[in-house]
Amino acid sequence: MKRIFDRRDFLKLSGAAATLAATGCATPGGAKARVVVIGGGFGGATAAKYIRMWGPSIEVVLVETNADFVSCPISNLVYGGSKTMKDITYGYAGLKRYGVQVVRDTAYEVNTSSKTVRLVKGGDLKYDRLVMSPGIDFMFEEISGYADAMIAKRVLHAWKAGPETVALQKQLAEMRDGGVYILSMPLAPYRCPPGPYERVSQVANYFKKHKPRSKVILCDANPDVTSKGPLFKKAWAELYPGMIEYRGNSKAIGIDAKTNTVKLEVEDVKGDVLNVVPPHRAGNIAVKAGLITANNRWCGVDWRTMESLAVKGVHVLGDATLSAPLMPKSGSLANQHAKVCAAAIVALINGREPASDPRIVNTCYSYVSDDEVIHVASVHELDAAKKTFVPIKGAGGVSSARNTLEGKYAWAWAQNIWSDVLG
Ligand SMILES: Cc1cc2nc3c(=O)[nH]c(=O)nc-3n(C[C@H](O)[C@H](O)[C@H](O)COP(=O)(O)OP(=O)(O)OC[C@H]3O[C@@H](n4cnc5c(N)ncnc54)[C@H](O)[C@@H]3O)c2cc1C
């Protein structure tokens, strides 16, 4: 028989007895308000923590598939060799200290009429407001042969940090010196605009030390490097001369696992290690819940509250959202979306108006070697008339040149954001 988890069950499960003492934030029925958060990545974990911090009497239940948080930021350094999986993997114990009830399970479906989340392992979770930050899923069907190549273990995306990061590192370690590594990227928008260029820098960094006759080919569906282009190209020319070949307008349409070939619109490229990243869309659970509003891919939101434009009472954060103008899909911004959302939810539950003038910031550091870094930063404010965030002119910018001081800032940024997200 299906089980409905109530508040008492979760308090028992989490041992968060302290939340029993909390008062206020009652729903019309008299019970305390409960927010369920799906996805414990950059957006979801931050939202869960900040709702508890700013509305301590609100009950927050976070549903996350994975046992640990594995960070995509810094994950490219695992290929370069200067960081390990241990450096980018963290548990959820910190959130429990804020009274967040962490449930290790997968949200199977959402009934937005009865305001219930069904879990894969069984049981339904009732919510007053739902926050979704499921990240992305891949449109594998856009690249013929991808599924077969995956089954044959001939292709990886490694665009979600975790087991695929370990598998790609292993394939690079096992590759012969003189081999070819191919990274294929889809048209923007994809998560982390500078991520592909940092990745090829780090793979070349590894090849330079261990397999100097090897080659990196970046097949980019976009016409040119989409972020920090001149800085990346200068770094490639000076640090890895002749090793990285950049091909713009090179969209992947197929994979032949038997011949290790990536089929591009214009030509075929053969490699030893195939790292093909398919186009993305919002995570499956957001699609299933009917939150998609744009191009069959992304979730439109009211940027003042991050509430879905499709379903009331459901808030969407991070990569799953239809990006505002010049707003990249980044961990930095998912963390900021979460704070806008947490403040709005606490206000709404307490019968107050959400703030009308949030400002948020994005910073994205990229390592081009073990210790040299370049950054891009932007600040965004809510434009009430346009009903979206717009970049503030003159705020933000890019590095003037790669440098090691920013290497220190980048590592500090990573440690700070992990601590902010996870407690
Ligand atoms: C190689 C690489 C490098 C990057 N570097 C940077 C960087 O330097 N700086 C930066 O700011 N950003 C960077 N990013 C981007 C950043 O990782 C993403 O933008 C960020 O993770 C988005 O946060 P999110 O909360 O939307 O999704 P995620 O962080 O992906 O979190 C989604 C979570 O939801 C869970 N989930 C999904 N569906 C369900 C379900 N049905 N039930 C339960 N749980 C579910 C997943 O397990 C996951 O934990 C990088 C990305 C990549 C790939």
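Trainee: Which residues line the largest cavity?
Mentor: W303, G318, D319, T321, S323, M327, P328, K329, S330, L333, A334 and H337. Keep in mind that this is a predicted model, where local features need pLDDT of at least 70, side-chain atom pairs count only at pLDDT 80 or more, and totals for chains, interfaces and linings use all residues. Numbering starts from 1 along each chain as its sequence is written, and side-chain values use heavy atoms, without hydrogens or water.

Trainee: What counts as a cavity?
Mentor: On a 1 Å grid over the protein atoms alone, it is a set of points where a 1.4 Å probe fits but cannot get out. A pocket is an open set with protein on both sides within 12 Å along at least five of seven lines. Lining residues have an atom within 4 Å of a point.

Trainee: What volume does the largest cavity have?
Mentor: About 60 Å³. Volume here is the space filled by probe spheres set on the points, with grid points joined across faces, edges and corners. The count is one cavity of 30 Å³ or more.

Trainee: How does its lining divide?
Mentor: Five nonpolar, five polar and two charged. Ala, Val, Leu, Ile, Met, Phe, Trp, Tyr, Cys and Pro count as nonpolar, Asp, Glu, Lys and Arg as charged, and the others, Gly among them, as polar.

Trainee: On to the ligand. Which residues come nearest?
Mentor: G43, E64, R191, D319 and S332, out of 35 around the ligand. Being near means having a heavy atom within 4 Å.

Trainee: Any polar contacts to look at?
Mentor: Start with R191: a polar side-chain atom lies 2.7 Å from a ligand oxygen atom. S332 uses a backbone N or O atom, 2.8 Å from an oxygen atom of the ligand. For N66, a polar side-chain atom is 3.3 Å from a ligand oxygen. A polar contact here is a pair of N or O atoms within 3.5 Å.

Trainee: And the second largest pocket, what volume?
Mentor: About 480 Å³. Among its 23 lining residues, P193, T226, L326, M327 and P328 are closest to the centre. By class, the lining has 14 nonpolar, eight polar and one charged.

Trainee: New topic. In what order do the strands of the open sheet run?
Mentor: β15-β16-β17, with antiparallel pairing. Strands are DSSP E runs of at least two residues, numbered from the N terminus, and two pair if DSSP finds at least two bridges between them. β15 (252–256) and β17 (268–270) are at the edges with a single partner strand each, so one side of each has no neighbour in the sheet.

Trainee: How many bridges join β16 to β17?
Mentor: Three. V262 stands opposite V269 in β17.

Definitions and conventions:
Helix = DSSP H or I, 4+ residues; strand = E, 2+ residues; numbered from the N terminus. Polar contact = N/O pair within 3.5 Å; in protein donor to acceptor, adjacent residues only side chain to side chain.
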